[in-house]
Amino acid sequence: MHPQIVALAGGVGAARFLAGLTAVMEEKAAPDRLTIVGNVGDDMEWNGFSISPDLDTVTYTLAGLAEEARGWGLRGETYHCLDAISRFGLETWFKLGDRDLATHVFRTGLLRQGAALSEVTRKITTALGVRARLTPVTDDRLRTLVDSSEGLLEFQDYFVRRACRPEVRHIVMDGADTARPAPGVIQAIRTADAVIVCPSNPLISIGPILSVPGIRAVLVERRREGRRNAAISPLVGGRALKGPADRMMRGVGLRADATAVAELYRDFVSVYVLDTEDAASRGEVEALGMKTIVTNTVMRDQESRTALARAVWEGLGL
Ligand code: FO1
C-alpha cells in the first residue's frame with residue numbers, strides 16, 4: 001500500500017516543493033495519495049471577487065500552468081481587464097490577469113450560491129488536472145492581519161501594495177477563534193503516514209493553518225504517538241529565499257534562522273530538514289528533540305525540487 005501524505009502549504013515555496021513531491025509520488029503511481037492543506041489567511045476580496053492566492057499558486061503550479069519565474073499567477077497572462085478597470089479609477093495594485101480572473105469569477109459565483117470553499121477548490125483542481133487533493137484549511141473566514149509601523153494592515157495591503165516595507169510587530173489571525181477545520185482535514189492528518197510542513201513562511205503561511213482550532217492538537221497527538229511529522233526549513237543561512245520571512249521573524253522578536261523556525265514547531269515536528277548551508281545547526285535542532293535531514297533545499301528547477309522531495313521521502317523512510 002502506498003503511503004498517504006498530508007502537506008501543510010503556503011504559496012510559492014510550498015508549490016515548488018509540492019511539484020517535486022508529486023513527481024516522486026507519480027513515479028510510485030500514487031499522486032492521489034497526497035492531501036494538501038492550504039493557507040487561506042492571505043485570501044482577499046477584490047471588487048466583490050473572492051481571491052485565494054495560495055490555493056491558486058499551488059493549483060497552477062501542480063497543473064503546470066504557473067508563471068515559473070514569479071511563482072504566482074498564470075504563464076503568458078494578459079492584463080486587459082485590469083487596464084480597462086483602471087479607467088474607472090479603481091485600484092489595480094493587485095495584478096489580476098485576465099485568465100486568472102476566470103478562476104475568481106468561477107469561485108465567487110459558486111461561493112455566492114452557497115458552496116463551500118473546499119468544494120469549489122475541488123472543482124477547480126479537478127478541472128485543471130491536479131491529481132493531489134487540495135483543500136483550504138477551513139471553509140470559514142480566516143484573515144491574516146499585520147500589526148505594523150503603518151497600523152493594522154490587511155495581508156495583501158502589507159505584502160503587495162506596501163511591498164512588505166512596514167516594520168512588522170505582530171501577526172493577528174482574524175477569525176481563528178471560530179474557524180473550523182474544513183471537512184476531512186482532521187481525519188486526513190490523523191491517518192496520514194506522514195505530515196510534511198512545506199518550506200513556507202512559519203508566521204503568515206503555516207501560522208494561519210496552525211491557528212485553526214484542532215489542527216495543532218492533532219499534530220501534537222501524532223507526535224506523541226511517534227508518527228512522522230516533518231518540516232522543511234524555509235530559511236537558508238538566516239535568509240528567506242522568497243518573501244519577507246526573515247524580516248518578519250525579527251520584527252516579531254524572533255531570531256531569523258532555521259533553528260528558530262524549528263523552535264516554533266517543536267511541539268509537533270519530529271523530523272526537520274535543514275539546508276546543507278545550515279549543517280552546523282544540526283546539534284541545536286536535535287537538542288529540541290527532532291531528527292534532522294541535511295540536504296540541498298534551494299529549489300532552482302524541477303530537478304532540485306524532485307531531489308529535495310526524494311531526500312525527504314527517503315529520510316522519512318516512506
Ligand atoms: N504578488 C505580488 O507580489 N504582486 C501581485 O500583484 C500579486 C497578484 C496576485 C494575483 C493572484 C494571485 O493568486 C497571487 C498574486 N500575488 C501577487 C501573490 C500573492 O500576493 C502572494 O504570493 C501570497 O499571498 C503570499 O503567499
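In this short talk I will walk through a predicted model, taking its strands, one helix, one residue and its empty spaces in turn.

Let me begin with strand S2, residues 34-38, and with its partner strand S1, which covers residues 5-9. These two strands run parallel, and five bridges join them. If you would like one pair to find on the screen, take Ala7, whose bridge partner in S2 is Ile36. How many of the five residues of S2 are buried? Five of the five are, so the strand is largely enclosed by the rest of the structure. When you look along S2, you will see that Leu34, Ile36 and Gly38 point one way, while Thr35 and Val37 point the other way, and that all of them are buried.

From there I would like to move to an open sheet of three strands, in which the order is S7-S6-S8 and the pairing is antiparallel. At the edges are strand S7, residues 151-154, and strand S8, residues 168-174, each of which pairs on one side only. On average, and ignoring direction, neighbouring strands of this sheet are turned by 25 degrees against each other. Helix H8, which spans residues 202-211, packs on this sheet and touches S6 and S8, and the direction of H8 makes about 35 degrees with that of S8. Within the sheet, strand S6, residues 143-148, is joined to S7 by four bridges in the antiparallel sense, and you can locate this pairing by finding Ser148, which stands opposite Gly151 in S7.

Next comes helix H2, made of residues 53-62. Is this helix mostly covered or mostly open? It is mostly covered, since 10 of its 10 residues are buried, and among them are Asp54, Asp56, Tyr60 and Leu62. Just after H2 comes Gly64, which takes a positive phi of about 75 degrees.

Helix H2 also brings us to the empty spaces. Rolling a probe the size of a water molecule over the atoms shows where empty space is left. The largest pocket has a volume of about 940 Å³, and of the 43 residues that line this pocket, the closest to its centre are Gly11, Val12, Trp72, Phe159 and Lys242. Which element gives the largest share of the lining? That is H2, with five residues, although helix H1 (12-27), helix H6 (155-161), helix H8 and strand S11 (235-236) each supply at least two residues as well. So H8, which we met as the helix packed on the sheet, appears again here in the lining of the largest pocket.

A search of the whole structure also finds one cavity of 30 Å³ or more. About 30 Å³ of space lies in this cavity, and the residues lining it are Tyr158, Pro166, Glu167, Val168, Arg247 and Met248.

Finally, I would like to look at one residue with some care, namely Thr292, which lies in strand S14, residues 291-295. Why does Thr292 count as buried? Its relative accessibility is 11%, and the cut-off for being buried is under 20%. The side chain of Thr292 makes a polar contact with the side chain of Arg282 at 3.0 Å, and another with the side chain of Glu286 at 2.5 Å. Leaving aside the neighbours within four places in sequence, Thr292 is in contact with Tyr272, Leu274, Arg282, Val285 and Glu286.

Note on methods
Residues are numbered from 1 along each chain as its sequence is written. This is a predicted model: local features need pLDDT of at least 70, side-chain atom pairs count only at pLDDT 80 or more; totals for chains, interfaces and linings use all residues. Side-chain values use heavy atoms; hydrogens and water are left out. Two strands pair if DSSP finds at least two bridges between them. Axes are lines fitted to C-alpha atoms, for helices over the stretch in contact, and angles run from 0 to 180 degrees between N-to-C directions. Contact means heavy atoms within 4.5 Å. Buried means under 20% relative accessible area, exposed over 50%, partly exposed in between (1.4 Å probe, protein chains only). A polar contact is a pair of N or O atoms within 3.5 Å; within protein, one must be able to donate a hydrogen and the other to accept it, and residues adjacent in sequence count only if both atoms are side-chain atoms. On a 1 Å grid over the protein atoms alone, a cavity is a set of points where a 1.4 Å probe fits but cannot get out, and a pocket is an open set with protein on both sides within 12 Å along at least five of seven lines; lining residues have an atom within 4 Å of a point. Grid points are joined across faces, edges and corners, and a volume is the space filled by probe spheres set on the points.
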